[in-house]
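Student: I would like a close look at a single part of this protein. Could you take me through one strand and whatever pairs with it or touches it?

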Amino acid sequence: MTPIITSLLDTDLYKFTMWQAMLHRHPQTQSLYRFVCRTKTAFPMAELVDEVRAEIDHLCQLKFRKDELDYLASWRFMKSDFIDFLRIFQFQRDFIEVRADGEHLHIVASGPQVHVMGFEIFVLSIVNELYFRRFDQQAALTEGRRRLAAKVVRLQELAQEAKHRHPFELFDFGVRRRFSGAWQREVVQTFATQTAQWFKGTSNVLLARDLDLVPIGTMAHEYLQSYQAHGVRLRDFQSAALEDWVQEYRGDLGVALTDTVGMDAFLADFDLYFAKLFDGLRHDSGDPYQWGEKALAHYDHLRINAHTKRLVFSDGLTLDSALALYQHFADRIQCGFGIGTQLANDMGLEHINIVMKLTHANGQPVAKLSDSPGKTLCDDETYLAYLKQVFGVKN
């Protein structure tokens with residue numbers, strides 16, 4: 001059977017943008033990433049261990065091809081030395097461990113961050129696709145296509161409703177939890193051809209290149225979390241991370257992620273300087289309406305015209321919930337909506353919630369204090385309590 005991953009472009013854009021920033025700013029960082037399945041599964045995940053190992057073995061044989069490097073180099077924010085690094089890059093099998101742990105699947109990637117951070121999305125895509133191969137493929141695809149057609153109709157009807165100042169913009173964020181690579185391609189191609197007025201891009205770099213779409217993404221939690229271990233005062237880690245991002249990209253990639261230690265703590269650091277330099281904010285946990293109102297109030301407090309800024313929503317969205325948020329906010333600020341699982345794996349099957357998160361950097365724990373309690377991930381309760389104390393987080 002064809003391997004699940006056949007190109008190192010088959011990952012999220014923000015992996016490349018964070019990768020370049022880390023290579024330039026903190027190339028010596030050592031890190032540990034751990035796989036976690038947060039939900040009950042239809043069968044023990046440990047059953048997948050041999051197949052996952054085989055897929056990882058293949059992944060570690062891949063290298064970037066010239067046409068892929070040429071595509072990455074065409075982006076104005078990619079630096080030539082980073083492209084040269086990718087030219088010789090290859091995943092090292094010694095840096096990732098895959099084994100059964102009782103009924104659970106144990107996957108840990110550890111080593112130099114610039115050599116292991118790329119594993120995350122590939123591992124999640126591999127595990128998810130292997131898991132869903134155990135179900136009736138034809139039935140799933142039949143139901144998936146029925147649901148996809150309904151979404152297309154729903155978007156086409158939007159032309160009759162869209163009377164707001166700012167247009168509805170939809171992105172595919174489905175790489176990590178897709179039903180399969182082939183299905184994600186079919187979904188993205190369908191939206192791109194049938195709803196081009198609203199479908200504005202994908203986080204999947206390979207699909208963006210192949211289908212001539214805009215690649216979407218800036219940063220993820222791992223980038224900000226890393227700065228908890230980069231030698232700055234813990235209270236200042238967000239400001240340090242944002243400052244390095246500004247210096248690295250100088251106006252490009254200007255959407256900041258807000259929930260590494262919660263929206264309130266983020267806004268305390270997101271002063272006039274950052275608010276003017278960044279184009280907008282991304283929501284990934286907590287109540288999206290409360291979050292959006294806080295963002296608007298913050299821009300108003302700083303006397304920034306919110307119509308010049310953007311809110312990107314990306315937390316477990318469906319098309320209906322995205323449209324509801326659009327109706328609520330779109331006459332006050334530009335909006336974008338990144339939908340993942342509900343675009344790339346809406347097949348009538350129960351989803352699994354799998355993540356592979358950064359848990360340690362430079363030998364010390366790092367953590368995310370999510371606005372959704374279930375998303376907090378840290379195996380060191382002492383550090384978690386300290387982080388909460390530093391940022392005044394109560395929950």
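Tutor: Happy to help; here is a walk around strand S10 and its surroundings.

First, some ground rules. This is a predicted model, in which local features need pLDDT of at least 70 and side-chain atom pairs count only at pLDDT 80 or more, while totals for chains, interfaces and linings use all residues. Residues are numbered from 1 along each chain as its sequence is written, and side-chain values use heavy atoms, with hydrogens and water left out.

Strand S10 covers residues 354-361. The names come from DSSP runs numbered from the N terminus: helices are H or I runs of at least four residues, and strands are E runs of at least two. Seven of the eight residues of S10 are buried, so the strand is largely enclosed by the rest of the structure. Buried here means under 20% relative accessible area, exposed means over 50%, and partly exposed lies in between, using a 1.4 Å probe and protein chains only.

Now look at the strands that pair with S10; two strands pair if DSSP finds at least two bridges between them. One is strand S1 (residues 30-37), which runs antiparallel to S10 and is joined to it by seven bridges. You can find one such spot at valine 36, whose bridge partner in S10 is valine 355.

Another is strand S11 (residues 364-365), which pairs with S10 in the antiparallel sense over two bridges. Here alanine 361 has glutamine 364, in S11, as its bridge partner. S10 and S11 form a hairpin with two residues between them. In that turn, asparagine 362 has a positive phi of about 50°.

S10 also has a contact with a side chain from a helix. The side chain of glutamine 225 reaches the backbone oxygen of leucine 358 at 3.2 Å. This is a polar contact, meaning a pair of N or O atoms within 3.5 Å; within protein, one must be able to donate a hydrogen and the other to accept it, and residues adjacent in sequence count only if both atoms are side-chain atoms. Glutamine 225 sits in helix H10 (residues 221-226), and it counts as buried because its relative accessibility is 3%.

To put the picture together, find S10 on screen, then look for S1, joined to it by seven bridges, and for S11 across the hairpin turn. Finally, look for glutamine 225, whose side chain reaches the backbone oxygen of leucine 358.
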